[in-house]
Amino acid sequence: MNKIENNKAWFFVIPVFVVVAFSAVIPLMTVVNYSVQDIFGANSAFWTGTEWYREMLRNPDLQAALLRQFAFSFAILAIEVPLGIGIALLMPKKGWAASAALVLVAMPLLIPLNVVGTIWQILARSDIGLLGWSLSSLGMDYNINANAADAWFTIILMDVWHWTPLIALLSYSGLRAIPDAYYQAARIDRASRWAVFRYIQLPKLTNVLVIGVLLRFMDSFMIYAEPFVLTGGGPGSSTTFLSQALTTMAVGQFDLGPAAAFSIIYFLIILAVSWVFYTAIMTLQKDKSAQQ
Amino acid sequence: MKSRIAFIVYLVIMILPIYWLINMSLQTNSEILGELSFWPKNLTFDNYLNILTDDSWYMGYVNSMTYVFMNMAISLTVALPAAYAFSRYKFVGDKHLFFWLLTNKMAPPAVFALPFFQLYSSVGLFDTHIAVALAHTLFNVALAVWILEGFMSGVPKEIDETAYIDGYSFPKFFVKIYIPLIRSGIGVTAFFLFMFSWIELLLARTLTSTGAQPIQAIMTRTQGASGIDWGTLAAAGVLTIVPGIAVVYFVRNHIAKGFALGRT
């Protein structure tokens, strides 16, 4: 669509600008302020410059948490995206079954994060939980509090359970937008099931999938409450992700300066990766409109 | 037929964890800890009664709902005109502003928890619903603008022009014609706003103490000195799912069209 150039449009944007400035800019400046000073009390603060930043970047615990964070985010994306598309293809398309399926599939999305953690904490217990009990009675030595591999397995399973529905719902609505004529044409051409998916359905899904991947990346990168409730970051620190490392430092040890520097670094990493995604979407959309 | 069976298998696996929670919520603590039971043998509703008759429990749900709906109202009110501007006009700094809004969706709540606490304490809003609602606008406003912009770009500009020719003023056009046109979009946006605000814990817990405490924070009370009160914990968990199901039910007709966020 050709947009009109008009700077009066700023008037429409002012309310958003004010609200976001209040809830984002002021707190962010507070963090920046902490990150460059060493604060002892009300009136004694020393300028430290980039010292905290250098210290944080060299901190081995945080480097490890960062690596774990990337491993986790990519693992869940690699599972959730194909699985979500698969479920969307299976969902009923018409009638009451379609409505019922939508409501059921969406259910895990609306459970508060710490309740999700609680549900899986219970499930994973070998005495009263279905998952832990089943695995134990199959003879497996399953214990999320002692075995890091079990803890990882459970956290990834939990996230897949919780968030695959988001990808599934987005893909489902993307699929609904494909006109029947496309499928009829494919039948006349005797296209295989795979060809229909690859050349008709997948191209239509690209846009919704980019949104889904972006949302999932951003949210999984900030994951806090679920692993905190499920494993508490353990055993050891094998499931301590960035948000938890940060809150432990800021709240637990009252190290405001380093924690603030860490916050800024954390934010910049998410920003950088998301910017790459965002630019990719924008060029993608530009290419498309150029073709039309 | 094969696909129907595969889908039903997925649904069963997906619902199992929730079933397990419901199963536990209908048992007494001694039965829960005694032996593994696949269904409640001595059905009891005491866990639910405990919660629904104790105002320090059920006020948690009221508090959560209050700030979630406040947040939805604020986010939609400011996001609608902004999304309209982004979808219809070019203006100085539009692309930067749009990305800047989006960066707020990327801001980890852990980064903002402490500064928010200090900010809202200093303006006297600590432990109020509006503080949590405003804090949640951090990520929700960005999301609302993003989703609505997609829908609005799908509405042909000729509709605006025709309305002006017919003598509609802008506010009248916006409310009477434009908003009904993007109903599905607003429904889906509301769903996302509800979802992200309802499930968030870290900010909601940091900004409240007793007056506006969300249910997620109250649930931690079940971990007392004598161990965890599993039955009550499970019942409280089940009750947190109910409002979500109600919301999905209301927007179910918009989901199929609307979840593609206007970008198909």
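## Working through a two-chain model

Chain A averages a pLDDT of 82, with 92% of its residues scoring at least 70. Keep in mind that this is a predicted model.

**Exercise 1. Find out which elements of each chain the predictor trusts the most and the least.**

*Step 1.* Start with chain A: helix H3 (residues 60-90) of chain A has the highest mean pLDDT, 90, and strand E3 (residues 45-47) of chain A the lowest, 70.

*Step 2.* Now go over to chain B, where the average pLDDT is 84 and 95% of the residues score at least 70. Its highest confidence is in helix H4 (residues 55-88) of chain B, at 90, and its lowest in strand E2 (residues 223-224) of chain B, at a mean of 70.

*Step 3.* Round this off with the scores for the model: ipTM is 0.86 and pTM is 0.87. One reading tip: where pLDDT is low, don't read the predicted coordinates in detail.

**Exercise 2. Describe the side of chain B that touches chain A.**

*Step 1.* Count the residues: 79 from chain B are in contact with 72 from chain A.

*Step 2.* Look for the top contributor on the chain B side. That's helix H13 (residues 230-258) of chain B, which gives 14 residues.

*Step 3.* Sort that side of chain B by class, and you get 60 nonpolar, twelve polar and seven charged residues.

**Exercise 3. Work out how helix H5 (residues 113-124) of chain A and helix H1 (residues 2-25) of chain B are placed relative to each other.**

*Step 1.* Check the axes: those of H5(A) and H1(B) come within 10 Å and cross at roughly 80°.

*Step 2.* Angles of 65 to 115 degrees count as roughly perpendicular, so H5(A) and H1(B) are roughly perpendicular to each other.

*Step 3.* List who does the touching. H5(A) brings A:Ile119, A:Trp120, A:Ile122 and A:Leu123, while H1(B) brings B:Pro17, B:Trp20, B:Leu21 and B:Met24.

*Step 4.* Classify them: eight are nonpolar, with no polar and no charged residues in this contact.

**Exercise 4. Find how strand E1 (residues 4-5) of chain A pairs with strand E1 (residues 89-90) of chain B.**

*Step 1.* Get the sense of the pairing: the two strands run parallel, over two bridges.

*Step 2.* Pin down one partner: A:Glu5 bridges to B:Lys90 in E1(B).

**Exercise 5. Take chain B apart into its domains and look at where they meet.**

*Step 1.* Set the bounds: domain 1 of chain B covers 1-44 and domain 2 covers 55-258.

*Step 2.* Place them: the C-alpha centres of these two domains of chain B lie 32 Å apart.

*Step 3.* Count the contacts: eight residues of domain 1 of chain B are in contact with seven of domain 2.

*Step 4.* Ask what domain 1 of chain B puts there. H1 and helix H2 (29-34) of chain B each give two or more residues, and H1(B) has the largest share, with four.

*Step 5.* By class, that side of domain 1 of chain B has four nonpolar, four polar and no charged residues.

How values were computed: Residues are numbered from 1 along each chain as its sequence is written. Chains are lettered from A and ligands numbered from 1 in the order in which they are written. This is a predicted model: local features need pLDDT of at least 70, side-chain atom pairs count only at pLDDT 80 or more; totals for chains, interfaces and linings use all residues. Two residues are in contact if their C-beta atoms, placed from the backbone, lie within 7 Å. Ala, Val, Leu, Ile, Met, Phe, Trp, Tyr, Cys and Pro count as nonpolar, Asp, Glu, Lys and Arg as charged, and the others, Gly among them, as polar. Two strands pair if DSSP finds at least two bridges between them. Axes are lines fitted to C-alpha atoms, for helices over the stretch in contact, and angles run from 0 to 180 degrees between N-to-C directions. Angles under 35 degrees count as roughly parallel, over 145 as roughly antiparallel, 65 to 115 as roughly perpendicular and the rest as oblique. Domain bounds come from an automatic or database domain assignment. pLDDT is the predictor's confidence in each residue, from 0 to 100.
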